[in-house]
Amino acid sequence: MTRRLKLTGQVVAFALVAGLLALLLWSVVHQKHAPGVGSMAPEFTLHKLDGPGTVSLASYRGKPVVLNFWASWCEPCKYEAAVLQRDWASYRGRGVVFLGVDYHDLNSDARRFVSAHALTFPMLEDGSGNVTDRYGISQVPETYVLNRRGRVVAHLRGPITDPGFADQFQNAIAKAAA
Amino acid sequence: MLRFLAVIAAALVFAAPAAACAHPRTSLNYLQGQVMCPTCHTTLDMSDSQAAQQIRLFIAKKIDACWTAKHIESALVANYGQQILATPSHKGFDLLAWWLPIIGVLAGGLVLAFGVWRWSRRKEPEEPVEPTDSGLDEETERRLDDLLARFD
């Protein structure tokens with residue numbers, strides 16, 4: 001009886017340790033990494049910021065996409081906004097799509113931000129940050145440039161107004177549109 | 001007199017918003033401990049990030065507008081999702097977070113009680129041998145009798 005009890009205890013303890021190890025392994029394997037250049041951009045469907053309805057990334061397949069992550073509380077996003085709007089106006093005629101993803105933000109503040117900076121490209125809301133996490137965003141603003149097949153051409157961690165990024169951004173759009 | 005009227009007017013101005021609330025006002029301090037900073041994953045009172053400051057300002061405005069704590073929390077959940085709250089909800093999968101610690105403590109208590117019970121059983125002293133009238137056990141007394149018989 002005692003031996004059986006001891007054996008049961010050992011089996012339960014072993015199963016518990018094995019379970020915890022499996023959980024640790026699963027969390028390590030499923031850590032959210034930013035999709036690298038050349039890999040497919042994670043699919044998503046998000047609500048529009050300025051009204052009802054949703055937008056999915058898949059609906060833009062066949063077009064180059066500039067995916068900009070921002071928030072109204074982010075200071076560099078304010079300086080970047082005007083440049084993004086200017087580039088959008090310049091590239092939209094060439095079939096390039098600009099999408100803004102507002103994350104961890106209050107919708108009311110985000111709408112005020114869009115209005116204050118007169119941004120006219122589609123804006124999506126990701127208040128929970130679920131989509132943003134899948135893109136490995138650690139700070140805003142960050143921008144992805146995707147080619148017509150939905151693959152990542154460039155990932156710029158910082159405002160596109162940064163001197164180091166300005167040329168890189170233009171080159172990435174040219175490459176994505178090719 | 002003029003000073004007295006000014007004080008009365010000021011008191012009325014500052015008292016008006018408080019008086020407008022039909023229920024006790026919640027506080028920013030209380031809600032800062034209930035709400036998470038979405039970018040730093042700590043409660044709001046432990047963060048000074050821009051996102052935390054934005055939420056703090058939102059809460060302060062809503063408190064001024066007489067919103068209840070529940071109402072403010074609901075508005076934040078609508079914007080940021082359930083994870084904006086520091087405590088998990090009382091339904092679905094989140095229930096595990098409430099029940100697991102209790103189950104863990106109970107299971108630990110059971111294991112401990114079982115261990116103590118077994119330990120105490122192992123340490124039980126053996127039955128003492130009943131002494132005879134002479135104070136010696138039967139075997140010793142018998143051997144002693146045999147020895148003494150040799151001298152008879």
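This passage describes the fold of chain A, one of its helices, some unusual backbone angles and the contact with chain B. The model is predicted.

Chain A contains five helices and seven strands. Along the sequence, these elements follow the pattern α-β-β-β-α-β-α-β-α-β-β-α. The domain assignment divides chain A into domain 1, residues 1-31, and domain 2, residues 34-177. The C-alpha centres of these two domains of chain A are 44 Å apart.

The overall dimensions of chain A were examined next. The C-alpha trace of chain A spans about 80 × 35 × 30 Å along its principal axes. The radius of gyration of chain A is 22 Å, whereas a compact globule of 178 residues would have a value near 16 Å. Of the 178 residues in chain A, 34% are buried. Contacts in chain A were also sorted by distance along the sequence. Among those with a separation of 6 or more, 70% join residues 24 or more positions apart.

Helix H3 of chain A shows how a helix can have two faces. This helix runs over residues 107-116, and its residues Ala110(A), Phe113(A) and Val114(A) are buried. These three residues lie on the same side of H3(A), because they cover an arc of only 95° around the axis. A general rule helps here. An α-helix has 3.6 residues a turn, so residues three or four places apart point the same way. The face of H3(A) turned away from the buried side carries exposed residues, namely Ser108(A), Arg112(A), Ser115(A) and Ala116(A). The buried residues of H3(A) are covered by elements that include strand E4 (97-103) and strand E5 (123-126) of chain A.

Several backbone angles stand out. Most residues other than glycine have a negative phi, and most peptide bonds are trans. Ala118(A), which follows H3(A), has a positive phi near 50°. His104(A) also has a positive phi, near 45°, and is not a glycine. His104(A) sits in the loop between E4 and H3 of chain A. A residue counts as buried if 20 or more other C-beta atoms lie within 10 Å of its own. His104(A) is therefore buried, since 25 other C-beta atoms lie within 10 Å.

Chain B provides another case. His41(B) is not a glycine, yet its phi is positive, about 60°. This residue lies in the loop between helix H2 (28-34) and H3 of chain B. The cut-off for an exposed residue is 12 or fewer C-beta atoms within 10 Å. His41(B) counts as exposed because it has 10 C-beta neighbours inside 10 Å.

One peptide bond in chain A is also notable. The bond from Val140(A) to Pro141(A) is cis, with omega near 0°. Pro141(A) is placed in the loop between helix H4 (130-134) and strand E6 (142-146) of chain A.

The contact between the chains was considered last. Ten residues from chain B and ten residues from chain A take part. On the side of chain B that touches chain A, helix H3 (50-64) and helix H4 (69-80) of chain B each supply at least two residues. H3(B) gives the most to this side, with four residues. By type, the residues on the side of chain B that touches chain A are four nonpolar, six polar and no charged.

Technical notes. Residues numbered from 1 in each chain as written. Chains lettered and ligands numbered in written order. Predicted model: local features only at pLDDT ≥ 70, side-chain atom pairs only at ≥ 80, totals over all residues. Domains from an automatic or database assignment. Contact = placed C-beta atoms within 7 Å. Nonpolar A, V, L, I, M, F, W, Y, C, P; charged D, E, K, R; others polar. Rg over C-alpha atoms; globule rule 2.2 N^0.38 Å. Arc of directions from axis to C-beta.
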